[in-house]
Amino acid sequence: MVHPCVTLLTDFGTGDGFVGAMKGVLQRRCPGVAIHDITHEIAPGDIRAGAWALATAAPWFPAGTIHVAVVDPGVGTQRAGLAIRHCDQWFVGPDNGLLSLAASEPEELYELANPRYLQEPVSATFHGRDVFASVAGYLAAGTKARKLGPAVAAMERMVVPSTFRTDDGVQGEILHIDRFGNLITNIKASDVSGPGASVRFAGHTVLGLSRTYGDAEGSAPIVLVGSSGYLEIAVRDGSAARALGGEARVGATVLVVQSSGRETE
Amino acid sequence: MVHPCVTLLTDFGTGDGFVGAMKGVLQRRCPGVAIHDITHEIAPGDIRAGAWALATAAPWFPAGTIHVAVVDPGVGTQRAGLAIRHCDQWFVGPDNGLLSLAASEPEELYELANPRYLQEPVSATFHGRDVFASVAGYLAAGTKARKLGPAVAAMERMVVPSTFRTDDGVQGEILHIDRFGNLITNIKASDVSGPGASVRFAGHTVLGLSRTYGDAEGSAPIVLVGSSGYLEIAVRDGSAARALGGEARVGATVLVVQSSGRETE
Amino acid sequence: MVHPCVTLLTDFGTGDGFVGAMKGVLQRRCPGVAIHDITHEIAPGDIRAGAWALATAAPWFPAGTIHVAVVDPGVGTQRAGLAIRHCDQWFVGPDNGLLSLAASEPEELYELANPRYLQEPVSATFHGRDVFASVAGYLAAGTKARKLGPAVAAMERMVVPSTFRTDDGVQGEILHIDRFGNLITNIKASDVSGPGASVRFAGHTVLGLSRTYGDAEGSAPIVLVGSSGYLEIAVRDGSAARALGGEARVGATVLVVQSSGRETE
């Protein structure tokens, strides 16, 4: 029998051995299960960044994959642990919004309440090992998810800021800054149409979209459609985040102006 | 035949390709063997931190697992290489104390002296590849450990500071600071008993134990029983190491006072 | 059927989920394929460092291994993607020199032009996922490389500086600085012969070669033959890069003087 694979995403770093302990529990529960690290370098407690990375990676895995994600500042408190089915994949982690971008349309939701599938005893501070890795190992080995605990109706959701129309175009904001310093917005490519469109942010106005990072001339910022389908602001062979300084932060406004008319700023 | 899995722990980082070379040797010696990274981010030469991470992770893996650990400032000198059996797992690495916390009760100890199981020639500076990965690959493929070299009676051991009783309670110290800035001590939960117990460190006195990180009020430090069973000092949604500044270092004194009596400080 | 294993080397970091997306595509194309991370911590756009790490790791893997390497500042521009056979391994990545140190003697070279083996549509900014991981997954699953696109005759090559003879000896330079601060040169061990040989760099003169890092006395720099067979400059229990300061940079001159004669500097 080929087991489904398990992915891991945490804010644990690797230097303390916590991730190793999770891998050990997975191997005990499901000997030989393949484990793929997504990342362990989410900044401590940064649920938003963890949710983003999970949503970037998870859809590309095959059906059956079990994703374990742990960015969990509320570990040991009343917040529940969940196993969620979405697009025939399973997502296991705390109910704090971390899973909600990737598993946005849950088909099944269970609270991890059945002690039979947890490490005994469950520590108050390391559910990554005692709850989430344990449950994922059982799932990988063939345990039915409905045995893990009661079905629940809803989960905590992370609020993703929406774009909205202004008199002149579409206003959005920066959602994420990636390792390369690219500023990824919540504005879809389809919001920029027509040759006259321009994008305004942090005192800059960029006319039209580039296709690749290499299309930029010099160090002026460009706007292109990133690999997730949203507009991103980039600088050739450099970091837009660094080039734009303090203005390049998550939440900063980005305005797409469709025509040459005035905008309200 | 299902091979046992191999774990890797080093201070190599990953940017130079050293860890990749070790993985290659493992695949050559035992095609298809599953490799699980524990960490490669131990600070260069920090044997103590490597031993800690290995001891945190290894016990959770199943019997048969082969752990390769390399933090080895004495590479190429007279220090021996070892394969140690402990709790039906194997530990392979330099004889410098690195393995001694995880493999604390060796059932078998062999010096890696048989050149048949080493890379030929053995470089003077990269035993991770030429000795330890090579040997681990042979072990994973079924080689008997007694063929690796002569049995030896003892290994270098890392000294872990003991706690001791004072007139008023138990005195211990900080053993490790984790990624979250939690300060992990050598004091067992059972050393704190009774409602009047308090914990003193770095000019702070904390009354009683909290159960979770979330139990803290504001930014005052709390003390709780960590996932390894020892007392740790934490700050809610923050880093105790940062909050306590220079006093929060490995080796700093922590005092558990059992009653309201005087203590000798 | 046992699939060959796939290695990954990128400058993506892991925090954004890009590497996870590549692993997902690989699992979709070739369910169960083993994936081994070489590194994702190459500095953004540093093709030279990526080529170095790949050349350090790849030769140790068994025949059949498929190496995917992506350090690709020109993504989406006219630069081609390649699959290269070298020593019965496959190398998949951009044609920008990144593969040229490891796959230095190509036996077959194909341009990745056949859309059937790419993610549909191919994004302009993430060929790691849409081109290279996709192609590697097909290769791992058994697709013949000649189906990937037209055979090509040559690839971009990274220029590795040569050593040259001077009146007194051999002049080379620093090629790479590793995590430990060791300075790795392009001078072969065989260029240093005779008991009178000395090595000059950054105002220092070191007489003779040491065998191990532990051979150094105090904090004076030593020269030894590193694990790749080239001379490297090291400091015991410390970083030569830090000890030598600004002089210890990639490209800095290193001179091996064979006798006690004068050298021209």
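Trainee: How many salt bridges are there between chain C and chain A?

Mentor: The count is 1 salt bridge. Keep in mind that we're looking at a predicted model.

Trainee: What makes Glu41(C) and Arg179(A) a salt bridge?

Mentor: Check the distance against the cut-off. The closest N and O atoms of Glu41(C) and Arg179(A) are 3.5 Å apart. The rule asks for a side-chain nitrogen of Lys or Arg within 4 Å of a carboxyl oxygen of Asp or Glu, so the pair qualifies.

Trainee: Okay, and how many residue pairs are in polar contact between chain C and chain A?

Mentor: There are 15 residue pairs, counting those where both residues are at pLDDT 80 or more.

Trainee: Which helix of chain C gives the most to the side that touches chain A?

Mentor: That's helix 1 of chain C, with 8 residues. Helix 1 (18–29) and helix 3 (127–141) of chain C each supply at least two residues to that side.

Trainee: How do the residues on that side of chain C divide into nonpolar, polar and charged?

Mentor: You get 13 nonpolar, 13 polar and 7 charged.

Trainee: How many residues does the contact take from each chain, and what area is buried?

Mentor: Chain C puts in 33 residues and chain A puts in 30 residues. About 2,500 Å² is buried between them, with carbon and sulfur atoms giving 57% of that. On the chain C side, Asp16(C), Arg28(C) and Thr125(C) lose the most area to chain A, together 23% of what that side buries.

Trainee: Switching to chains B and C: why are these two copies said to be related as by a three-fold rotation axis?

Mentor: Look at the superposition. A turn of 120 degrees lays chain C on chain B with an RMSD of 0.0 Å, and the shift along the axis is 0.0 Å. The two copies are therefore related as by a three-fold rotation axis. In chain C, the C-alpha nearest that axis belongs to Ala34(C), 4.5 Å from it.

Trainee: How do you know that the copies use different surfaces?

Mentor: Of the contact residues of chain C, 10% recur in chain B.

Trainee: Last one. Why is Ser134(A) called buried?

Mentor: Its relative accessibility is 0%. Buried means under 20%, so Ser134(A) counts as buried.

Trainee: Where is Ser134(A) found, and what is it in contact with?

Mentor: Ser134(A) is in helix 3 of chain A, which covers residues 127–141. Leaving aside neighbours within four places in sequence, Ser134(A) is in contact with Val25(A), Arg29(A), Tyr117(A), Leu118(A), Gln119(A) and Arg129(A).

How values were computed. Residues numbered from 1 in each chain as written. Chains lettered and ligands numbered in written order. Predicted model: local features only at pLDDT ≥ 70, side-chain atom pairs only at ≥ 80, totals over all residues. Heavy atoms only, no water. Helix = DSSP H or I, 4+ residues; strand = E, 2+ residues; numbered from the N terminus. Buried < 20%, exposed > 50% of the residue type's maximum accessible area, 1.4 Å probe, protein only. Contact = heavy atoms within 4.5 Å. Least-squares fit on C-alpha atoms with pLDDT ≥ 70 in both. Buried area = accessible area lost by both parts, 1.4 Å probe. Polar contact = N/O pair within 3.5 Å; in protein donor to acceptor, adjacent residues only side chain to side chain. Nonpolar A, V, L, I, M, F, W, Y, C, P; charged D, E, K, R; others polar.
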